[in-house]
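Visitor: Could you take me through how the parts of this structure fit together? I would like to begin inside one chain and then move on to the contact between chains.

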Amino acid sequence: MAGNLIEVTDLHVTYRTASTDVLAVRGLNLTVGAGQSTGIVGESGSGKSTVAKALVGLVPPTSGSIRIDGDLVAGERAKGYHRGSRWKVQMIFQDPYGSLDPRQQPLDAVLEAIQHWRKLSKAQARTEALDLLKSVGITERQATSGLRALSGGQRQRISIARALAPSPQVLVADEPTSSLDQSAQAAILNLLRRIQAERGLSVIFISHDLGLVRYLTEDVIVMKDGFVVEQGPTDQVLHHPTQEYTQRLIASALA
Amino acid sequence: MAELPGAGLATAQAAAPGTDPQIVVDPRKPYLDVDHLQIGLQRDGLPLHIVDTVTVSLLPGASLGIVGESGSGKTMLCRSFTGTLGRYGVGITGGRLSIAGHDLTNAREKDWRPIRGRAVGYVPQSSLAGLNPVLTVETQLLEALGLGSRTLTKAQARIEARQLLDMVKIPRADAVLHERSHQLSGGMRQRVMIAAALALRPPLLVLDEPTTALDVTVQYEILVLIRQLREELGMGLILVSHDLAVVEFLCSQVMTMYAGATVEIGASENIRSRPRHPYTNALLHSRLGMAERGKDLVAIPGESPAVGAWPEGCRFWPRCSSAADACRTGAQPAPRLVDGHLTACIRAEDVT
């Protein structure tokens, strides 16, 4: 297993509520090499977003372990999410309208992230933030104006720039384009592919869209009700699904 | 055409009690007729257009998909078909709108009220949040059935409400009638919304992004349901979506809108195989289904212009790879016939 950037072993996540325990993830194993992409597909309630949250430390695993670059970052024997590894895994959320602070200038959103992760002077951090925003296609004028004037696609670019602030090794993208128009989706996916290639990032794409997973990933995990239904190379799983549920997902996707 | 409605629809509506205006379904005449329609408002004494212009007509029982980016005016156009523009502070500012034999261009709320649900069934965008959370499904269906305004006994209305749930193929309908929205899944809520829209058996159903928030398997079930309902009821359909695959699944005609205008309209198959507007062409090619792994997707550069900031000439020219000098001046080009359908591109013959 050497050389794997991400190594998830027998991950279980249970949400405890006053009345019941919700078994959101019930045993997931995953390895992703540097620069590789893995897709996690499934419907609402499948547990795919919980896997994403566990990877970045937003929810703690109930059992199992998550290793990043060899370090145990979360799991049974870890005490909280490993602080020294936090910068390595960054996340892009589904709704760019909800994930950015509407009162904050786009520049400040990225600046804040840079200053959180790195010790830079205000001026250096500002230059860096503008460079980062420029690399995702946001001009200085857009970066210093209000968020209101920006489209969903532009907001998602800002989220990407913010996620790149600590120069992470892993990007977890939870439905990054499902709230965007088709042409905006194309632009964002092109951008993500370019960034991944330039930075050698490993990317986990969480999606319900089999077309997106087919286009972007080498490996795929199909989840349902917290269980892994099927797992393997994307081409194999999508062309020769062995499980009835995967077959049904594929049959429901419109060309 | 193969899409004529069952004759029953027209007579059922004609039998509606009182002096309500008749819903005319004439197979030879467009049921919906939109002619150079403009929608907008006055800002600082100047007209601000949101839709400018749309021309489309739909025979009874026919189907039309409307595609375009956010802000292209699709949703406002649909609202004009249900007389609800006023609620958003806008109105029809030019052109003509007629539905079911009534000129509704200048119709006021009192004119719309006896027509609205009978002429056009409407399932708005984000309709998963469209049910009232404190009322039962039955109460909301009874409201849609017009209990109180129609001469309908409560007992009759309850039977009809139950029939509506059967029509949209809701399992355990008797129980669902007494449930509230939080007890229903997304797919079930959407079925209830469709049932409510069908309550007065309108000859035309308008669905605005009916499946965007749904899972793929549920989306598929809803699309199949809509298709079955059209076959059973002979009902016309207008479906708004940014997903061309969804539109093609259900609609024999497609209209592409860009910055408030009709830019291409025609038979779905024809447009799919021979798009003659660069915007539709780019939309078709930006689909993930068309993409090859490792290669860039076709993306349209830039952003669509905001309302009030439409460029001179063809509104698409700043983002168009085929734009020539002639595209940058004058008014938005009117759609003309090229290769069997209408396109607003003046260079359509050169678009591949």
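Guide: Certainly. Between domain 1 of chain B and domain 2 of chain B, the count is 4 salt bridges. Please keep in mind that this is a predicted model.

Visitor: Which residue does B:Asp52 pair with in a salt bridge?

Guide: B:Asp52 pairs with B:Arg315; their side chains meet at 3.4 Å, N to O.

Visitor: And which elements of domain 1 of chain B touch domain 2 of chain B?

Guide: Those giving two or more residues to that side are β2 (46-58), β3 (63-67) and α10 of chain B. The largest share comes from β2(B), with 9 residues. By class, this side of domain 1 of chain B has 10 nonpolar, 6 polar and 3 charged residues.

Visitor: Where do the two domains of chain B begin and end?

Guide: The domain assignment places domain 1 of chain B at 32-251 and domain 2 at 258-350. Their C-alpha centres lie 28 Å apart.

Visitor: How much area do these domains bury between them?

Guide: Domain 1 and domain 2 of chain B bury about 1500 Å² between them, with 50% of it on carbon and sulfur atoms. In domain 1 of chain B, the residues that lose the most area to domain 2 are B:Glu69, B:Leu244 and B:Glu248, together 36% of what that side buries.

Visitor: How many residues are in contact there?

Guide: On the side of domain 1 of chain B there are 19 residues, in contact with 18 residues of domain 2 of chain B. The rule also finds 9 residue pairs in polar contact across this interface.

Visitor: Let us change topic to the two chains. How many residues does each give to the contact?

Guide: Chain B gives 32 residues and chain A gives 30 residues. The area buried between chain B and chain A is about 2700 Å², 48% of it on carbon and sulfur atoms. On the side of chain B, B:Val216, B:Leu288 and B:Arg293 lose the most area to chain A, together 28% of what that side buries.

Visitor: What does B:Arg293 meet in a salt bridge?

Guide: The side chain of B:Arg293 meets that of A:Asp235, at 2.6 Å, N to O. The rule finds 2 salt bridges across the interface of chain B and chain A, and it finds 18 residue pairs in polar contact there.

Visitor: Which element gives the most to the side of chain B that touches chain A?

Guide: That is α9(B), with 7 residues. By class, this side of chain B has 15 nonpolar, 7 polar and 10 charged residues.

Methods:
Residues are numbered from 1 along each chain as its sequence is written. Chains are lettered from A and ligands numbered from 1 in the order in which they are written. This is a predicted model: local features need pLDDT of at least 70, side-chain atom pairs count only at pLDDT 80 or more; totals for chains, interfaces and linings use all residues. Side-chain values use heavy atoms; hydrogens and water are left out. Contact means heavy atoms within 4.5 Å. Buried area is the accessible area (1.4 Å probe) that two parts lose on being put together, summed over both. A polar contact is a pair of N or O atoms within 3.5 Å; within protein, one must be able to donate a hydrogen and the other to accept it, and residues adjacent in sequence count only if both atoms are side-chain atoms. Helices (H or I, at least four residues) and strands (E, at least two) are DSSP runs, numbered from the N terminus. Ala, Val, Leu, Ile, Met, Phe, Trp, Tyr, Cys and Pro count as nonpolar, Asp, Glu, Lys and Arg as charged, and the others, Gly among them, as polar. Domain bounds come from an automatic or database domain assignment.
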